[in-house]
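The following note sets out points for discussion on the contact between two of the chains and on one helix of a third. Please read it alongside the coordinates.

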Amino acid sequence: MLKYILKRTVQMVPTVIGVILLTFVLFNIVPNDLAAIALGKNVTLEMLENFDQQRGLNKPLFLGTRAKNRAYEDHNLADGAGRWRAWSNAVYSAATATLTIQPGAAINPLAFPLKDGEYEWTATYRGQGNLAGTELDAADWQTEKVRFQTMGEAGFATAGNPLEIKALKLRRITTNPFDSQLFFYFKQLMRGDLGFSEYFKQPVSRLLLDGIPASLSLTIPIFIIGVVVSISLSLVCAFFRNTFIDRFLVVIAVALMSINYLIYIVAGQYLLAYKQGLFPVWGYESWRYLVLPVLIGVVSGLGSNIRFYRTVMLDEMYKEYVRTAFAKGVSKPRVLFVHVLKNAMIPIITNVVIAIPFLYTGSLLLENFFGIPGLGYLGINAILSSDIDVVRALVLIGALLFVVANLLTDICYAVADPRVKLK
Amino acid sequence: MIKQGQSLWSDAWRRLKKDRIAMVCLGLVVLFTLLAVYGEVVYFYHHAKDITPAYQKINLDLAYQAPGAAHWMGTDGLGRDVMQRLVQGVRIAYKVGIITSLIAIPIGVLLGCLAGFYGGKVDDFVVWLYSTFASMPGLLFILAIAMVVPENGLLGVYLGIGLTTWVGLCRLVRGEVLKHKEQTYVQAAKALGLGSGRIMFKHILPNILHVIIVTFTLRFPAAVGTEVIMSYLGIGVQGEPSWGLMIDSARMRLWQGMWWEMTFVTLALFLLVLAFNLLGDALRDALDPRLDD
Amino acid sequence: MRIWHLAQRLSVALLMAISGSLFLWGCSDGSMPAEPDGESVMYSQTSRIRGLDPAVAGEVSSSLAIARIYEGLLEYDYLARPYKVVPLLAAEMPDISADGLVFTFKIRKGIYFHDAPCFPGGKGRELEAQDFAYSIKRVMDVKNVSSGGWAFNNRIVGINAFHEASKLPEPTDYDMELEGLKAIDKYTLQITLTEPYPQLLYILAMHYSFAVPREAVEYYGKEIVNHPVGTGPYELVAWRRNSRIEFARSPKWAETGREEIYPTQGTPEQEEAGLLRDAGQPIPFVDRVVQFVVDDSTTAWMMFLSGQLSFSAISRDNWDAIITGDKQLNDALSKRGIDLISSPTLDVYYMGFNCDDPVVGMSNDPEQDKRNRKLRQALSCAFDFDLMNKFLNYRVYPLGGPVPEPLAGSLQEPSAYRYNLEKAKRLLVEAGYPEGIDSQTDRRLELTIELGSATANTRQTMELMADMFQKVGIVLKAKYNTWPAFIEKMNRRQAQLFQLGWVADYPDAENFLQLFYSKNESPGPNHANYRNARFDNLYEQIRTMLDSPERTVLYEEMAHIVVEDCPWIFMYQPMAFGLTHSWVENYLSHDFPYGMGKYRRVNEDVQRQWFESYGDKKLGMSGQE
């Protein structure tokens, strides 16, 4: 048994790595501007760069020795002149998407003084001129990399001839190729640091811990009551298999399933909470505030749960041993409760255990509408305000919990049916 | 030699015809499909001619009119005809359902087939991939994907829903391929020296087609429902009248007695989802070769 | 476990669940949480508060919360109009040197910080002039990532040296002597400016300048966002970030014998409205303030109607049901003693053109530049203010220029590019787009506008705008972004058109004119990336001019330049409308209401009576019976 557990745990590791990679890809690769969110309406490029520096956001993505810098942000000249409008002796032509630096000009396009270090321009140019101390001379389009150290000599200078630029990029050269965002992320996780919420100015782990109790207080009742009611009703279906009651319950279940979750919440909140005054409308002051959301959560899930458990029960009922039992003359209730239920427990338990990780995110919508300050409310707010670290942490933790739950399920399975271990 | 496939389909059709509810649902689905096609034609016509379509024409004086002769389902807050916008909503719903399936199905089927057929390292890789995706917490993951896609709009919705639904299909397909791999007809084909690709696509695939069809029918309404929630939250469709947006706009007004927009949209949504769900169930029962009452 | 047992247990559980719910059903009454007896509590709604550190907070909701707990040298007078700053923690208005560069403030004696564990013995110490110097330095400390750097940057002698020094990795040295910011003695603060700063007094009334004790910062470190320690009338009691914040009257004021009183001077109208009833009474009146973070406006409206919230905004959808034709409250609501409050705001809403854009922006080529300008002017002429006003329930004023009324610098005469379809069409021809057709594609010109939210209101507003543009043959495509995605696009200059608003930081037209100063280009607040040499020149002049008729003349000239160049379509200046329940007294709206909660009162008798009469009789959502 122990060997089996160990084997499955080891098999879990690649999935965990996959999950971490996936969250990284999703949240770091796509461009987003944490700095701008944090700093408000009156920002300068320098402030943004300082911020990025402090949070490790200006490192290369996976691997590499080139880091971006806000002093000259990547700009596609096909989109327009951008910041180059500031210099009258840099003429932009929309038709060819090139910039022509007039003869006798000295332009430094950097927005603020660079910190000490080594930097590199990558320029696609044609003509003659000087960039950061290196002479450029090409009759036709050529791409060249120019390195320089400090701000003073970082700009363009032309003498008698113009210099045309088609593309320009600034990068900082870093010494350690492994100093990348991916490794920064890994190191953070190893330390147990889930990141920092720019929106709330709190470490994410603190926000998660604060939100978990509220989420659980909502999802655990929904789960327990939901399971109890659904299994009972599905037993009823199985008992009255293929009669009117069964078909009626199935249609009701499908109908319940087809009503959009939103409608449940909107109608429930208005009719029961406001109009009838049976429940409070919003808030989390006492357990009374949970009744309506729990009710809605149970009812909305009832449809699909009943169908699932009914299928499980019926699958069991079609098996040989049930027919034998009936043939032997065993009474229907006894067959149902003693034999079918017991054997149906395996898929039921699987379903139950798998659902556990989802308890922790709470219900995104229920929490949002009813003001339950759990992880779901936190999650929706984080998504709408692009609070990347929070969303990433929620997704990561959810995924890890799921992996662990899978492991537990497999172990339960192995306990219930030892044949599984041999596969 | 009788090809196994054909008799399965005609058998299934027979069984389906017997189920009255299923036929009604089929009729509904056909009706909705026709509406969607009509909506698409209207959209393209106006787009090609570069004129603004009627369902976008604003007339504040006509705002919030109850259903009547001129507007069968009333008008919304900007004076636009609800019925026309509803039909456009069907079109958007269908787009979402179809495109997300177009993303999910090829990925799921291809990976499932490869994993089931080749086994070994390929199988390990595919299992790892779908375990990783399956671990992601549902709605949150979809919203997160939609959030990071730069163009806030339908693309985020498609990718979000598509990239999460391929998992279930992949698992099913892999399971089916594994089952079929051991069957005699496959062994025979291999013995005849037919290439793996040919075996996979010409022989095994037709036999698992029913799984794909049922999955499509059942995932379609789920995709539509998710899109409604996403649009309501503000992540998703823009510019065109999606049902989620219409519900959002109509919500506050409902309680003042302006019930029409909310009611008709909710009803349409309900009918579409119900029809697909029931049809999917019926199809599954009809196509399942095991069930022979 | 035998299965029969299991089944039995399941049924019992089920029965318990059902009966439990019935029990709760009978018991709950859906009313507010019970108040502690004898206390006066104000319940209201707020947007999410992100942090309670004065140096760092950037948005309104946080600043309002901060202003309950912290105080500054000056504050805005509650009743005075036009807006005026008066001393709060300063003993009197400052002495200003002849050249206008040296401000000397005398701090009041006997002001104490709240008790907190960061002080020896847990007792809050007396406020000193040094505290203000410290607090301002915190804003300029790069490590604090403050959003308030613009307020002091380059204005105070020596502050930029401090700012540079704070960039070093070592802990910032707050003992660094600054020529321009020093405490001459325990109760005297002297600020020396690098150049005249006409808005300094307003800045000192903003939350960035509020006094923060050094001990608290050193004790709490980054946690100070959660543990505010100020001198104000309220202390933080509980804070659940996403949902609820609670303040209670600080015992320190009573303990140290500090008394502040309600203003005694007001206009005759204010007196008639009952705003001087509490003249001379000690503030604050309310013992406890509880605020809920309710995201959904429908939910908030329901809570207001049931008396759970004391204030409410009026959403567009509810408007015509609540407000009758002559801008009065409907009968059902006024019968319940609900008051309608309306006041102008110093906000402007506009559609901006990105001057970087080749189609609508400014260009080096004078011909192209002129054509683009005509396009912008044409679109401005296509904007139908009356239609927009109708859509917005007639709640907005037209804008003639970049400066809102009633600030000096607002243009009295209507803009040359106000709604005029004929003129719009003519200008379009001159711009090279006859009937809106782009000669290069032979289709109508398509323009894209970026927005920062995707709410129903925003969408409908954009659909209305698209309809207006469509009348001159231009197609407007709207792209809805989340706010952060939108800000990023703005900062990277990636929009073609965009819609934004600007809320005044202080009541001076300079705050609006700076939005056109070329040095404030993105990522600064000049998101139109507008550039005009003459405007820049004038801006640099008025920056150091105190209020005077000469300055107003220059303000107006600058406004004219902007109207002519048309980097914005001036949409409207909104009026603020809100509802309050009858038990809220002394309510007067203000554009800078920081700390003004202390003037308001909750009349418990009226409140109790209201609940007795109306607690059970719920109004329909539309505010009708």
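**Note on the A–B interface and helix H17(C)**

1. About 3,500 Å² is buried between chain A and chain B, and carbon and sulfur atoms give 81% of that area. On the side of chain A, the residues that lose the most area to chain B are Leu22(A), Ser258(A) and Ile383(A), together 15% of what that side buries. The model is a predicted one.

2. Chain A brings 42 residues to the contact and chain B brings 37 residues.

3. The rule finds one salt bridge across the interface of chain A and chain B. The side chains of Arg307(A) and Asp281(B) meet in a salt bridge, at 2.3 Å from N to O. Polar contacts between chain A and chain B number three residue pairs, with both residues at pLDDT 80 or more.

4. Several helices of chain A give two or more residues to the side that touches chain B: H1 (2–29), H6 (244–258), H7 (261–275), H11 (364–370), H12 (375–384) and H13 (388–416). Sorted by class, that side of chain A holds 31 nonpolar, 10 polar and one charged residues.

5. In chain C, helix H17 (residues 483–491) is mostly covered, with seven of its nine residues buried. Which residues of H17(C) are buried? They are Pro484(C), Phe486(C), Ile487(C), Glu488(C), Lys489(C), Met490(C) and Asn491(C).

6. Arg493(C) follows H17(C) and has a positive phi, near 60°.

Terms used
Residues numbered from 1 in each chain as written. Chains lettered and ligands numbered in written order. Predicted model: local features only at pLDDT ≥ 70, side-chain atom pairs only at ≥ 80, totals over all residues. Heavy atoms only, no water. Contact = heavy atoms within 4.5 Å. Buried area = accessible area lost by both parts, 1.4 Å probe. Salt bridge = Lys/Arg side-chain N within 4 Å of Asp/Glu carboxyl O. Polar contact = N/O pair within 3.5 Å; in protein donor to acceptor, adjacent residues only side chain to side chain. Helix = DSSP H or I, 4+ residues; strand = E, 2+ residues; numbered from the N terminus. Nonpolar A, V, L, I, M, F, W, Y, C, P; charged D, E, K, R; others polar. Buried < 20%, exposed > 50% of the residue type's maximum accessible area, 1.4 Å probe, protein only.
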